[in-house]
Amino acid sequence: MPLTSSFEMTMLLKHMLRVNITVLALLLACAALVSCDSAKPNQAESARIRTKLEAIPLDQKVQFTNDEWKYILTGCQYYVLRRRGTELPFANAYWHTHEKGIYFCAACGNPLFSSDAKYDSGTGWPSFWQPIGGDAVSAASHSSFSGGTEIMCARCGSHLGHVFDDGPRPSGLRYCMNSAALKFVKAVGN
Ligand code: FE
């Protein structure tokens with residue numbers, strides 16, 4: 001190959017390399033823009049659903065679809081609350097919590113349990129001998145395979161855990177809850 005042609009070939013290759021790098025940079029920029037654009041509607045939808053939830057008075061039921069819950073719950077919360085999942089014992093947020101305060105539904109914010117009714121059941125899950133009020137939780141009409149009865153938040157229907165009849169006095173009940181289904185708020189001064 002003549003020298004001039006070789007030189008021209010080298011220049012051509014360098015030019016093609018620059019063009020390819022430019023094209024690659026443009027493609028990466030486009031991909032970043034697309035991913036940002038796809039995140040924006042999700043954030044907007046999360047904010048919209050949160051606002052919708054906050055506008056519902058506490059004494060009214062919350063009836064959201066699972067698709068709506070997905071926007072405002074973490075993966076772990078969704079698994080427990082909406083898919084009836086169970087978290088691991090001794091490896092969850094509140095099994096060993098002894099502070100004074102209120103445990104709210106992690107989905108809808110309904111007050112569910114007071115720390116006054118919490119006790120150490122030895123199971124590794126947060127356990128209570130009674131809900132904070134008679135209408136805070138609802139129970140399934142049949143026992144589950146574990147021998148307990150499924151307990152849901154009475155306001156939003158989300159799964160919380162199970163109740164068993166081996167609890168302490170005075171109720172004799174053990175509300176065995178998932179930490180992921182709860183949000184603990186410490187009492188002022190604690
Ligand atoms: Fe709830």
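# Close-up views of a predicted model

**View 1. Val137 and its partner across two strands.** In this predicted model, Val137 has Cys153 of strand 6 as its bridge partner. Val137 opens strand 5, which covers residues 137-143. Strand 6 covers residues 149-153. The two strands pair in the antiparallel sense, over 4 bridges. Together they form a hairpin, with 5 residues between the strands. Gly147 lies in the turn and has a positive phi of about 95°.

**View 2. A hairpin of strand 6 and strand 7.** Strand 6 also pairs with strand 7, residues 159-164. The sense is antiparallel, and there are 4 bridges. Met152 has His159 of strand 7 as its bridge partner. This hairpin has 5 residues between its strands. In its turn, Gly157 has a positive phi of about 80°.

**View 3. The open sheet of 6 strands.** The strand order is 3-4-8-7-6-5, with antiparallel pairing. Strand 3 (118-119) and strand 5 stand at the edges. Each has a single partner strand, so one side of each is left without a neighbour in the sheet. Strands of a sheet pair through backbone hydrogen bonds.

**View 4. The open sheet of 3 strands.** Here the order is 2-1-9, again with antiparallel pairing. Strand 2 and strand 9 (182-186) are the edge strands. Each has a single partner strand, so one side of each lacks a neighbour in the sheet. Neighbouring strands of this sheet are turned by 30° against each other on average, direction ignored. Strand 1 and strand 9 run antiparallel and are joined by 5 bridges. Cys105 stands opposite Leu182 in strand 9.

**View 5. The loop at Ala106.** Ala106 sits in the loop between strand 1 (101-105) and strand 2 (111-114). Is Ala106 buried or exposed? Ala106 is buried, because 25 other C-beta atoms lie within 10 Å and the cut-off for a buried residue is 20 or more. Not counting residues up to four places away in sequence, Ala106 touches Gln77, Leu81, Ala180, Ala181, Leu182 and Lys183. Ala106 and Phe184 are 78 residues apart in sequence. In space they are 8.8 Å apart, C-alpha to C-alpha.

**View 6. The largest nonpolar core.** This core has 34 residues. Those touching the most other members are Cys105, Ala107, Leu112, Cys153, Met177, Ala181 and Leu182. Several elements give two or more residues to the core: helix 3 (75-81), strand 1, strand 2, strand 6, strand 7 and strand 8 (174-177).

**View 7. The contacts of Leu112.** Neighbours within four places in sequence are left aside here. Leu112 is then in contact with Tyr103, Phe104 and Cys105. Its contacts also include Pro131, Ile132, Ala136 and Val137. Cys153, Leu160 and Leu182 are in contact with Leu112 too.

**View 8. Confidence along the chain.** The mean pLDDT of the chain is 85. Of its residues, 78% reach 70 or more. Over residues 21-39 the pLDDT is below 50. This stretch has 0 contacts in the model beyond near neighbours in sequence.

Technical notes
Residues are numbered from 1 along each chain as its sequence is written. This is a predicted model: local features need pLDDT of at least 70, side-chain atom pairs count only at pLDDT 80 or more; totals for chains, interfaces and linings use all residues. Two strands pair if DSSP finds at least two bridges between them. A residue is buried if 20 or more other C-beta atoms lie within 10 Å of its own, exposed if 12 or fewer, and partly exposed in between; C-beta atoms are placed from the backbone. Two residues are in contact if their C-beta atoms, placed from the backbone, lie within 7 Å. A nonpolar core is a set of buried Ala, Val, Leu, Ile, Met, Phe, Trp, Tyr and Cys residues joined through C-beta atoms within 7 Å. Axes are lines fitted to C-alpha atoms, for helices over the stretch in contact, and angles run from 0 to 180 degrees between N-to-C directions. pLDDT is the predictor's confidence in each residue, from 0 to 100.
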